[in-house]
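The following exercises are to be worked through with the sequence and the model at hand. Each task is followed by a solution in steps.

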Amino acid sequence: MNPAAAAPATASLRIGAVALTVRDLHTLSRYYQDVIGLRLLADEDGETGRRHLLGCGDRVLLELRHDPGADPPGRSEAGLFHTAFLLPSRTALADWMVHALAMGVALDGASDHLVSEALYLTDPEGNGIEIYRDRERGEWPLAADGSVSMATLPLDLRALAAEAGRARFTGLPTDSSIGHVHLRVGDLDQAEAFYAGTLGLAVMTRYPGALFFGADGYHHHLAANIWNSRGAGPRREGTTGLAEIALTVDAPELRALADRLGPEAAGGAITLRDPWGTRLSLHET
């Protein structure tokens, strides 16, 4: 039986929100509202300065932290490859694509990954974005070793556009979420030791130059590649881009992680950094 065929009744882990450090808060916030379709939920002064909280419905998916003095990271540095927004249906993906193209947004790519269909673009400060929808789990192909098979095939945009509804686009559906976060790292063995060994995710797919990690049979919640960052060391402080990934974890998984880490868990939350300095905060569901 395909181990990814049926989703569990309750997920043990999911991506809650992603925080980005940005130089131009107004421009980035407008982009994620007008182009991506998120809603501004709060404009406030945080511990480190002003921030915008954006999301769908009343759920925060993206936090923009303003730091006008931050330096852009280099293309070969570790950090964010893309934040992936998961839409609930193919129609929702088609609606977003038609909206984006009508705005004159340039897509970086469009791919059929066998498990999903995805559109790619880049925000004004160079942060990668994926907008995608999943195929049904029973359609996900398996490799001979039982892992999930993924590929990068051309996506038929004309056929996708034909799925769009007729209503005016007013933002992402309220049940959209961050499906996964894809990272640039310096070494895949170190990434596997951390994300599988320490964090406890399963290696769902091994791909040339990349690993895909998931929980509950999902094709991936986190991914890591060395396509442009092989050999990269820890990230420089004071740069724009990925600031933090917040994950929600059920109580048994959080306790298991606390046991592996020792006394680092406190108050139902754990904060840790991967070998390249990417900050992850884990909170109980």
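A residue is called buried if its relative accessible area is under 20%, exposed if over 50%, and partly exposed in between (1.4 Å probe, protein chains only). The model is predicted: local features need pLDDT of at least 70, side-chain atom pairs count only at pLDDT 80 or more, and totals for chains, interfaces and linings use all residues. Residues are numbered from 1 along each chain as its sequence is written, and side-chain values use heavy atoms, with hydrogens and water left out.

**Exercise 1. The open sheet**

Task: Determine in which order the seven strands of the open sheet are arranged, and which strands stand at its edges.

Solution.

Step 1. Fix the terms. Helices (H or I, at least four residues) and strands (E, at least two) are DSSP runs, numbered from the N terminus. Two strands pair if DSSP finds at least two bridges between them.

Step 2. Read the order. The seven strands follow one another as β2-β3-β4-β1-β14-β16-β15, with mixed pairing. Strands β2 (39-46) and β15 (269-273) each have a single partner strand, so one side of each has no neighbour in the sheet.

Step 3. State the twist. On average, neighbouring strands of this sheet are turned by 20° against each other, direction ignored. For such angles, axes are lines fitted to C-alpha atoms, for helices over the stretch in contact, and angles run from 0 to 180 degrees between N-to-C directions.

**Exercise 2. Strand β1 and the pairing of β4**

Task: Identify the strands to which β1 is joined by eight bridges and by five bridges, and establish how β3 runs relative to β4.

Solution.

Step 1. Strand β1 comprises residues 13-22, and nine of its ten residues are buried.

Step 2. Eight bridges join β1 to β14 (residues 241-249), and the two strands run antiparallel. Within this pairing, alanine 17 has alanine 246 of β14 as its bridge partner.

Step 3. Five bridges join β1 to β4 (residues 59-66), and here the strands run parallel. The partner of valine 18 in β4 is leucine 62.

Step 4. Strand β3 (residues 49-56) is joined to β4 by six bridges and runs antiparallel to β4. Leucine 53 has glutamate 63 of β4 as its bridge partner.

**Exercise 3. Glutamate 244 and its salt bridge**

Task: Explain which parts of the chain are tied together by the pair glutamate 244 and arginine 65.

Solution.

Step 1. A salt bridge is a side-chain nitrogen of Lys or Arg within 4 Å of a carboxyl oxygen of Asp or Glu. By this rule the model has 14 salt bridges.

Step 2. Glutamate 244 and arginine 65 form a salt bridge with an N to O distance of 2.9 Å. Because glutamate 244 belongs to β14 and arginine 65 to β4, the pair ties together parts that are 179 residues apart in sequence.

Step 3. Glutamate 244 is buried, at 12% relative accessible area, whereas arginine 65 is partly exposed at 22%.

Step 4. A network of salt bridges links Glu44, Arg51, Glu63, Arg65, Glu244 and Arg279.

**Exercise 4. The partners of glutamate 117**

Task: Is glutamate 117 buried or exposed, and which arginines form salt bridges with glutamate 117?

Solution.

Step 1. With 3% relative accessibility, glutamate 117 is buried.

Step 2. Arginine 90 forms a salt bridge with glutamate 117, the closest N and O atoms being 2.7 Å apart. Glutamate 117 lies in β7 (residues 116-122) and arginine 90 in helix α2 (residues 90-102), so this pair connects parts that are 27 residues apart in sequence. Arginine 90 is partly exposed, at 21%.

Step 3. Arginine 133 also forms a salt bridge with glutamate 117, with closest N and O atoms 2.9 Å apart. Arginine 133 lies in β8 (residues 128-134), so this pair joins parts of the chain 16 residues apart in sequence. Both glutamate 117 and arginine 133 are buried.

**Exercise 5. Positive phi values**

Task: Locate leucine 114 and aspartate 216 and state the phi value of each.

Solution.

Step 1. Leucine 114 lies in the loop between β6 (109-112) and β7. Its phi is near 75°, a positive value in a residue other than glycine.

Step 2. Aspartate 216 is in the loop between β12 (210-214) and β13 (222-225). Its phi is positive, about 60°, although the residue is not a glycine.
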